[in-house]
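Here is a short briefing on core packing and helix contacts. Please look over the chain before reading on.

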Amino acid sequence: MYRIVRLWDGSLNRMHFFPLAVPFIGVFASMTYLFGFFGISIISGVMDPPFLSSPAPSPKDRSAAPAAGPAKHFSPTEEGPSDYGLDKPEVIIVGAGTAGASAAATFARQGRKVLLVERCMSEQDRIVGELLQPGGLRALERLGLDACAKEGTDSVVVDGYAIIRSAEAGGAAAAPGGRRDSVMLYYPESDPENRSELFGKGVKPAAAATAKGGEAGRRPCSREGEVPRGRSFHNCRFVQRLREAAQAEPNVRVVEGTVSALLEGDGGEVVGVRYREAAKGEGQEEEERVTREVRAPLTVVADGIWSGLRKCANTNRPQKLSTFVGVLVKHAADAAPVPHKHCGHVVLAHPSPILIYQISSTETRVLVDVAGAMPSAADGGLSAHLREKSAPQLPAMFRPAFLEAVARGDVKSMPNRAMPASSVHRPGALLLGDALNMRHPLTGGGMTVALKDVELLSELLRGVPFRDAAAVASAAARFHAGRRAHAATINILANALYHVFSTPEDPASKGTRVDLQAACFDYLSLGGCYSAGPVGLLSGLSPVPWVLTTHFFMVAFHGCREHLLPVPTPGGVLRVYRLLHVATKIIMPLLEEEGSTFLAWWPFRKAIQLVLPWEHERWEN
Ligand SMILES: Cc1cc2nc3c(=O)[nH]c(=O)nc-3n(C[C@H](O)[C@H](O)[C@H](O)COP(=O)(O)OP(=O)(O)OC[C@H]3O[C@@H](n4cnc5c(N)ncnc54)[C@H](O)[C@@H]3O)c2cc1C
């Protein structure tokens, strides 16, 4: 098959190709469709194999703390917690963002003496980290820090998402045949507890349960604390509240300064940091700022997306996927001009998606994804892009407010970067947050991963003497193994959805991508487990990679159905092959990168590669 495909690229033309390839592709497509149909039957309840209904550990069990205290094989150390003080910290944390500030508060509550070094302690107005998924909020609740998201930030409750087709006639996502133009994806009524529920089976969306039939767009009645909910806010307000929570801990000392280097011991281990204190006042000259060195048995690097220190324990490098241009729309209190209140909106715009979500009672954020080169803000190119290319694709009711914000100049941009985590362990140092791992922000999963990581790491290190390098290394290894499920699910979902929701300019691949996008939209519109399963993944409440992989391939099979029914034709079979090929090219590199599910195991990878060739070319948009 691979050779045939190579020949197709090369010397053979269509006339020669068809007689050779159609029997192969026909058999292959029919088999894959049968498998797809079999899968759909299982999920829709026609067949109910035991693996879907067998009990699985509940989220509580899964998040249960490992046994507190050092494991037996840890070598005892002379030192105890009392040997540390605020001037001689047990752990230094670099960066007081979502990851660093929550880690500082958590370690301090476990009795550790923490030094938190942050470059700038005043509020930094950024367009990142403005929507926290329910899974992240649950982690925050377990850390005892949920008030930071819920109180004093003018935050907005998020009940789910609306996926909206582009309003522009003839836009990439516009579908013929009068199909519905939006699909509502409400978060579940309760946290999934067994394998069936993790898959989305038998899960009621909160809206359907509370609003009897769940009229689209209607906000479910508030059952705060019971129903999983998300929160959106100004990131700086949330982070500032986390910093206050950390500062309120007697075991935390906060220093405003920029870490320029990690200090190394004789064996190459990290033994502390060198930092430059922040200017004390307006008049202080650069050279007057004091440089200090401070040592501790453990340094946690949480210096964010631009991390200059991550290379100490991360062999991967970030890749830029696209840029988000953030526009801040202002409106009267609780009068956001959006189609679905209390929901995030994903507009399937061409060439890549646009996000809309309210971030305070009087403000709504729009994030326009710009794939490829950014138009210049200086010569007005960016404003023109927003006015002429983005605005026509937005819902009509939202357009005037958007154009007004663009005219006002409330526009900021930020690169979207992705980087898989590296499990390399550098003695004396650990990475957290964006310094460790990044994914496309389309699904708003970054803070959820960071907070779940803080929760897991702090539990694994509970009672471990940080001087005991072997004990810390063992906890770090368990941390990397333990985080794989939630991190891989959120990372793969974000990066895969970004590619499904983007349409390349190249006409050869555009048609198939539009097919896959339409298949995804239709699949989510089916309701039941077909929407509840993906919502569980999006919300961070179902951190299960096999659920993600299965739903992803089900979407592709769902798309195949259109081309094979009622009778498979050679043209239909070819489109099926192309659809499965594009789906494979999107998902397989991500599974391989995250080492996730049995499909990432090399015999399966190689077998799939033989039929549907793919390489690491996923950043092609
Ligand atoms: C455009 C965009 C939108 C996003 N939207 C969302 C979203 O809606 N939901 C979501 O969950 N995630 C989102 N993310 C991802 C999310 O922002 C990050 O995953 C999250 O903020 C990571 O937290 P962090 O603590 O690692 O980094 P940060 O929150 O960036 O914190 C890093 C801190 O380190 C400090 N620092 C840096 N260098 C030094 C140094 N040398 N010395 C001392 N201090 C230093 C910085 O000042 C900063 O305070 C988005 C990302 C992008 C790019």
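Which residues touch the most other members of the largest nonpolar core? This is a predicted model. In that core of 70 residues, the answer is Ile163, Val346, Phe501, Leu516 and Ile587.

**Nonpolar cores**
- Helix 18 gives the largest share of this core, 12 residues.
- Domain 1 (60–134 + 235–317 + 419–489) and domain 2 (319–417) both contribute residues, so the core lies between them.
- Another core, of 65 residues, lies apart from this one. Its members include Ala108, Leu143, Leu430 and Leu431.
- Beyond four places in sequence, Val346 touches Tyr161, Ala162, Ile163 and Ile164. Its contacts also include Pro353, Ile354, Leu355, Leu442 and Phe501.

**Helix 15 against helix 18**
- The axes of helix 15 (residues 507–525) and helix 18 (residues 570–594) come within 9 Å and cross at roughly 80 degrees.
- That angle makes helix 15 roughly perpendicular to helix 18.
- From helix 15, the contact uses Thr512, Arg513, Asp515 and Leu516. They meet Arg575, Arg578, Leu579, Val582, Ala583 and Ile586 of helix 18.
- By type, the residues of this contact are five nonpolar, one polar and four charged.

**Helix 14 against helix 15**
- Helix 14 (residues 469–500) and helix 15 have axes that come within 9 Å and cross at roughly 120 degrees.
- The two helices are therefore oblique to each other.
- Leu497, His499 and Val500 of helix 14 make the contact with Arg513, Leu516, Gln517 and Cys520 of helix 15.
- Here the residues divide into four nonpolar, two polar and one charged.
- Leu516 appears in this contact, in the contact with helix 18, and in the largest nonpolar core.

**Thr443**
- Thr443 sits in the loop between strand 17 (429–431) and helix 13 (446–461).
- Is Thr443 buried or exposed? Its relative accessibility is 4%, so Thr443 counts as buried.
- Setting aside residues up to four places away in sequence, Thr443 touches Gln133, Tyr161, Leu493, Ala494, Leu497 and Leu538.
- Thr443 and Tyr498 are 55 residues apart along the chain. Their C-alpha atoms are separated by 8.6 Å.

**Helix 11**
- Buried residues in helix 11 (residues 381–390) are Leu382, Ala384, His385, Leu386 and Ser390.
- These buried residues pack against strand 12 (319–330), strand 14 (354–360), strand 15 (363–370) and strand 16 (411–418). They also pack against helix 12 (399–408).

Technical notes:
Residues numbered from 1 in each chain as written. Predicted model: local features only at pLDDT ≥ 70, side-chain atom pairs only at ≥ 80, totals over all residues. Heavy atoms only, no water. Axes fitted to C-alpha atoms, helices over the stretch in contact; angles between N-to-C directions. Helix = DSSP H or I, 4+ residues; strand = E, 2+ residues; numbered from the N terminus. Parallel < 35°, antiparallel > 145°, perpendicular 65-115°, else oblique. Contact = heavy atoms within 4.5 Å. Nonpolar A, V, L, I, M, F, W, Y, C, P; charged D, E, K, R; others polar. Buried < 20%, exposed > 50% of the residue type's maximum accessible area, 1.4 Å probe, protein only. Core = buried A, V, L, I, M, F, W, Y, C linked by side-chain atoms within 4.5 Å. Domains from an automatic or database assignment.
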